[in-house]
Amino acid sequence: FISANEALDFLNQLQPNELPRLIVTDIFMPGMDGYTFTKTLRSNERYQGITIIGVSSETISHQAHQALNSGFNAFIAKPVLEKEFQKAVFSVFPSVVKGSTVHMNTAPLDEKKKILVAEDNEVNQMLIKKLLQKLGYEPLLTNNGAEALSALKKPNHNIQLVLMDLQMPQLSGIEATKQIRGELGQSQLPIIALTASTLLEEHDASFQAGINDLITKPVKLESLQAILDKYL
């Protein structure tokens with residue numbers, strides 16, 4: 001199909017037993033976009049059983065967050081790689097994989113990927129820790145940017161990704177990121193900003209400092225899983 005409207009017309013012509021189990025749709029399309037298309041399907045009881053995966057060229061994580069809130073079951077960034085598509089399908093149809101779902105990290109604790117969390121709010125710390133553990137990752141909690149730097153300076157720290165709050169005492173997330181990229185020379189380490197702000201200026205400053213992506217607070221399981229799948 002070349003448009004969401006044409007897809008809706010086609011679906012409306014099908015008998016209930018002919019409806020697809022899975023729909024893959026672009027987010028940004030002329031006319032009706034993917035968000036409206038998905039909301040339209042979700043508003044109709046006839047289509048409640050259909051799984052929907054969104055595809056977008058947008059790389060900022062809040063797009064994935066918005067897609068999931070619109071009724072999508074999963075989200076994939078373009079260009080779509082076969083491995084990423086398989087992971088998305090396995091995550092929404094776990095019975096396809098015998099024994100366990102592919103998107104969970106089920107390695108023994110000493111082999112699990114370690115995630116550094118720089119967050120000064122204790123409630124947020126506990127929430128993110130719980131979500132990471134639920135997804136099968138090992139969280140390492142720090143209270144500010146300075147503590148995060150100290151953790152990254154340790155030899156063989158085995159940290160795979162950093163979740164960095166932007167507003168912290170002693171050393172902000174943006175300043176800590178600049179030092180990680182500059183002083184520590186860790187240019188390949190994924191750094192994901194945690195922010196409650198919607199200010200474009202703050203987002204731009206984050207990317208200028210070397211942050212790879214953003215997650216909005218309060219952090220939700222779906223958006224966290226999407227970002228970890230993307231970078232790990």
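This briefing describes the fold, the cores, the helix packing and some local backbone features of one protein chain. The model is a predicted one. Its chain has 232 residues, of which 45% count as buried. Nine helices and eight strands make up the secondary structure. Among the contacts with a separation of 6 or more, 62% are between residues 24 or more positions apart.

**Nonpolar cores**

- The largest nonpolar core contains 21 residues. Those with the most contacts inside this core are Leu116, Leu152, Ile159, Val162, Met164, Ile180 and Ile191.
- At least two residues of this core come from each of strand E4 (114–118), H6, E6, H7 and E7.
- H6 is the element that gives the most to this core, with four residues.
- Another core, of 18 residues, lies apart from the largest one. Its members include Ala4, Ala7, Met32 and Leu41.
- Ile191, one of the residues with the most contacts inside the largest core, touches Val162, Met164, Thr177, Ile180, Arg181, Ile211, Asn212 and Asp213, leaving aside residues up to four places away in sequence.

**Helix H1**

- Ala4, Ala7, Leu8 and Leu11 are buried in helix H1, which covers residues 4–13.
- These four residues span an arc of only 100° around the axis, so they sit on the same side of H1.
- Strand E1 (22–26) and helix H2 (34–42) are among the elements that cover the buried residues of H1.
- Two of these buried residues, Ala4 and Ala7, also belong to the core of 18 residues.

**Helix H7 and its surroundings**

- Helix H7 runs over residues 173–181, and its buried residues are Gly173, Ile174, Ala176, Thr177, Ile180 and Arg181.
- Viewed down the axis of H7, the buried residues fall within an arc of 160°, and therefore they line one face of the helix.
- Four elements pack against the buried residues of H7: helix H6 (145–153), strand E6 (159–165), strand E7 (191–195) and helix H8 (200–209).
- Ile180 of H7 is also among the residues with the most contacts inside the largest core.
- With H8, the axes come within 8 Å and cross at roughly 15°. Angles under 35 degrees count as roughly parallel, so H7 and H8 are roughly parallel to each other.
- The crossing of H7 past H8 is left-handed.
- At this contact, Ile174, Thr177, Lys178 and Arg181 of H7 meet Glu202, Ala205, Ser206 and Ala209 of H8.

**Helices H5 and H9**

- H5 packs with helix H9 (residues 221–231) at an angle of about 60°, and the two axes are 10 Å apart.
- H5 and H9 are therefore oblique to each other, and their crossing is right-handed.
- The residues that meet are Leu131, Leu132 and Lys134 on the H5 side and Leu221, Leu224 and Leu228 on the H9 side.
- Leu135 is located in the loop between helix H5 (122–134) and strand E5 (138–142). Its relative accessibility is 2%, so Leu135 counts as buried.
- The C-alpha atoms of Leu135 and Leu221 are 8.4 Å apart in space, although the two residues are 86 apart in sequence.

**Local backbone features**

- A cis peptide bond, with omega near -5°, leads from Lys217 to Pro218. Pro218 is in the loop between strand E8 (213–216) and H9.
- Asn156 is not a glycine, yet its phi is positive, near 55°. Asn156 has its place in the loop between H6 and E6.
- Asn156 counts as exposed because its relative accessibility is 77%, where exposed means over 50%.
- Asn158 also has a positive phi, of about 60°, without being a glycine, and this residue lies in the loop between H6 and E6.
- With 42% relative accessibility, Asn158 counts as partly exposed.

Terms used: Residues numbered from 1 in each chain as written. Predicted model: local features only at pLDDT ≥ 70, side-chain atom pairs only at ≥ 80, totals over all residues. Heavy atoms only, no water. Buried < 20%, exposed > 50% of the residue type's maximum accessible area, 1.4 Å probe, protein only. Arc of directions from axis to C-beta. Contact = heavy atoms within 4.5 Å. Core = buried A, V, L, I, M, F, W, Y, C linked by side-chain atoms within 4.5 Å. Axes fitted to C-alpha atoms, helices over the stretch in contact; angles between N-to-C directions. Parallel < 35°, antiparallel > 145°, perpendicular 65-115°, else oblique. Left-handed = near helix turned anticlockwise from the far one by under 90°.
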